[in-house]
Amino acid sequence: MATLTADHLTDEQVDALGAELDALRAEVVASRGERDARYIHKVIATQRALEVTARGLLLFAKFPPAWIAGTTALSLAKILENMELGHNIMHGQWDWMRDPKIHSTTWEWDHACASEGWKKSHNFEHHTYTNVLGKDRDLGYSIMRISADQEWHPAHLLQPVYNQLLAAFFEWGVAFYDLEFDLVKDGTKSKEAFKADAMRLWRKARRQLAKDFILYPAMSGPKGFLASAAASLVANTVRNFWAHAVIFCGHFPEGVETFPEEQLEGETRGQWYVRQMMGSANLSGGPLFHTMTGNLSHQIEHHIFPDIPSNRYVEIAPRVREICKRYGLNYTTGPLTKQYGTVLRKISRYALPRRAEQRAALAHRTRSIAALPVRSEIPETPQPVRLAG
Amino acid sequence: MAARARDVAHLLTTPLLPDDLLGTVNPVWSTTEPAGRVVARRPETADTTTLLLRTGPRRPRHRPGQYVGVGTRLDGVWHWRTYSVTSRPDDRLLAVTVTALPGGTVSGVLAHGTPVGTVLRLGPPAGEFVLPEPVSEKLLFVTAGSGVTPVMGMLRHLAATRPEVLAGAVAVHCDRTEADVVFAAELRALAAATGLRLVERHTARDGRITPDALADLVPDWAGRQAWACGPAGLLDDLADWWDRHGDRDALHVERFVAPVPTAAAGTGGRVRFTESRIEADAAPGEPLMRAGEAAGAILPNGCRMGICHTCVGRLRSGAVTNLHTGERHDTPGEPVRTCVSSAAGDVEIEL
């Protein structure tokens, strides 16, 4: 059932697809150079300029124009730092430059979650086991049901609500989720390891909190303290909603598949590529939009080549798409509003239990992106608020 | 107080260092990644150029004769090489003299393709090829080709601080032809001004110098402290000569090649890179970096010879052996250069 859309491919065809993608990757790796280095240095300089400007403006946070400009700049700075810099540098996309300052082993991001733990759960677990039920903890983040193949639990009834809460506090969601409390409960993670991770989170998070909510507000003076702290809160929250929307659109929209654990047994390189492509979805938009999503708008390309420089995803996307077309594979993409709409609908739909055969029928229908179910087929559930822009 | 201010500044820029922001504005201001900007280029010969660098205010003071690691970004990638410092410790600008090696991409670019304004990264000064303090009275310098560069640093320093020492000193310098001699005019002027005895030998005409030819040229060689720098063949011959006919401790040599690990090589062991999540078996004497790379880890690296400190990772557990000194390091948290450290049993490195 899992590789439904790829079932028409023979083993030889899957191998040939893998070889084509390997060649594409080799081509990118061989051509990395000064142009790419300039790109990441430019993003770093822009991000730091935005942040310094924001903090400068927010010294005058009690004046509304300074507050608005400062909060906007700080939101953009945090988004750029987490998405185009932090996420991608920690993937090792820039390690080839041999610059110890821009290296996956040394980068610490502007985020409550310490890089070290995040790299393990994200780079290793999520990127290896992408969309495999029971293995990829990012599939619904262990609190949401986003596939008919996941077991239903009464708590899922509330998931349209707590999804919005997760979006608002996404940074903390990621940080606490990284502690893997669910694994402590089922005994696969020791209490000591949990405690060590919790301490690491506390050490990192308290510095982040002190900076955003005490130190900078204090510098804005007694009259500007609250306004400045509010600016930090708004900037962090804007970043949270944005990151949540982009990331959820990467793996949860209609047309994206999930896989059973058996899929991993003896999986070939070609099959791995197919799973990564079928388990990911892109977002369409302009160059600035791509940069602000950390190029996760090219989630498909990112998932097949997690460690090539992010500025290259947009360049290889037409070729990956062409390959998919030639092999008759879905290449899920669309504008953010549309994609996020399908994610929210999915979260609402799977909040409800359904009988097994219905589940199977629906799952079958929704796997074909061309035959996306029309609204009338979607169960009557309150429509969650749309946020994307 | 200063430490308190630093803590607050660090908290303001967390998770970055204040230094990272300074370095973004002007790389030369960075103290964690020291750099210099090329402000002038002095062509010395057809293949040799001196680069004059303006560095940050906290440039560590070098001793004449020492070298520095020089990092240059070529097509996006940092490459490190080492070059002798030819300026004096008190000079405002740092001078490094680079000879383009045949087929050497990095040295070629540094010597011929590094315009004024280029930012180069700099490692800390290093090397034991230095004059003693106080300086000995009777000195002999034997150099060949670009081997003159560390000695030039010494001669300039002595000419400025202890010119009388040079009056009794001898410098024997060999190069292929007169046109190939680096610093030729300055060496001659320095000899004329201080009384230094300068012997220039052009090997295209006179052939390579041998130790007995040197002994004929400088009959009192055995009574002098000697500093020699040049091709490995010459240095081997000289070391052999001093061993047999003189006092080996009186001869100081500088080799322009990666030091060969001679010390205790470590026992080898399992090395785990905690950040990369890669484990590898490191053979006795095998640098941790090479073991990790063989297992597929992409580790920070630069000069790969223990100079630039790009490859440093913290030791989490276990012990390593420094391949240059044979010293054992086993303090958790200690920074370890993975390119010149081997495993002494199982070891974990935070990279």
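In what order do the five strands of the open sheet in chain B line up? They run S9-S8-S7-S10-S11, and the pairing is parallel. Keep in mind that this is a predicted model. Chain A is another story: its secondary structure comes to 15 helices and zero strands. Here's a quick tour of the sheet, a pair of helices and the nonpolar cores.

**The sheet in chain B**
- Strands S9 (197-202) and S11 (251-254) of chain B sit at the edges with a single partner strand each, so one side of each has no neighbour in the sheet.
- Going from one strand to the next, the twist averages 10°.
- S10 (residues 225-229) of chain B runs parallel to S11(B), and four bridges join the two.
- If you want a spot to look at, take B:Ala228, whose bridge partner in S11(B) is B:Val253.
- Helix H9 (residues 232-245) of chain B packs on this sheet, where it touches S7 (139-144), S10 and S11 of chain B.
- The direction of that helix, H9 of chain B, makes about 165° with that of S11(B).

**Chain A and a helix pair**
- Of the 389 residues in chain A, 46% are buried.
- Among chain A contacts with a separation of 6 or more, 72% are between residues 24 or more positions apart.
- Two helices worth a look are H5 (residues 159-168) and H9 (residues 225-251) of chain A, whose axes come within 7 Å and cross at roughly 125°.
- That crossing makes H5(A) oblique to H9(A), because the angle falls outside the parallel, antiparallel and perpendicular ranges.
- On the H5(A) side, the residues that meet H9(A) are A:Leu166, A:Ala167 and A:Ala168.
- On the H9(A) side, their counterparts are A:Thr237, A:Asn240, A:Phe241 and A:His244.
- By type, the residues of this H5(A)–H9(A) contact split into four nonpolar, three polar and no charged.

**Nonpolar cores**
- As a general backdrop, nonpolar side chains tend to be buried together in soluble globular proteins.
- Here the largest nonpolar core has 82 residues, and the ones with the most contacts inside it are A:Leu58, A:Cys249, B:Val70 and B:Val96.
- Helix H3 (residues 64-90) of chain A gives the largest share of this core, with twelve residues.
- Leaving aside residues up to four places away in sequence, B:Val70 touches B:Trp80, B:Arg81, B:Tyr83, B:Val96, B:Leu110, B:Leu120 and B:Leu122.
- There's also a second, separate core of 37 residues, which includes B:Leu155, B:Leu214, B:Ala226 and B:Leu251.

Terms used:
Residues are numbered from 1 along each chain as its sequence is written. Chains are lettered from A and ligands numbered from 1 in the order in which they are written. This is a predicted model: local features need pLDDT of at least 70, side-chain atom pairs count only at pLDDT 80 or more; totals for chains, interfaces and linings use all residues. Two strands pair if DSSP finds at least two bridges between them. Axes are lines fitted to C-alpha atoms, for helices over the stretch in contact, and angles run from 0 to 180 degrees between N-to-C directions. Two residues are in contact if their C-beta atoms, placed from the backbone, lie within 7 Å. A residue is buried if 20 or more other C-beta atoms lie within 10 Å of its own, exposed if 12 or fewer, and partly exposed in between; C-beta atoms are placed from the backbone. Angles under 35 degrees count as roughly parallel, over 145 as roughly antiparallel, 65 to 115 as roughly perpendicular and the rest as oblique. Ala, Val, Leu, Ile, Met, Phe, Trp, Tyr, Cys and Pro count as nonpolar, Asp, Glu, Lys and Arg as charged, and the others, Gly among them, as polar. A nonpolar core is a set of buried Ala, Val, Leu, Ile, Met, Phe, Trp, Tyr and Cys residues joined through C-beta atoms within 7 Å.
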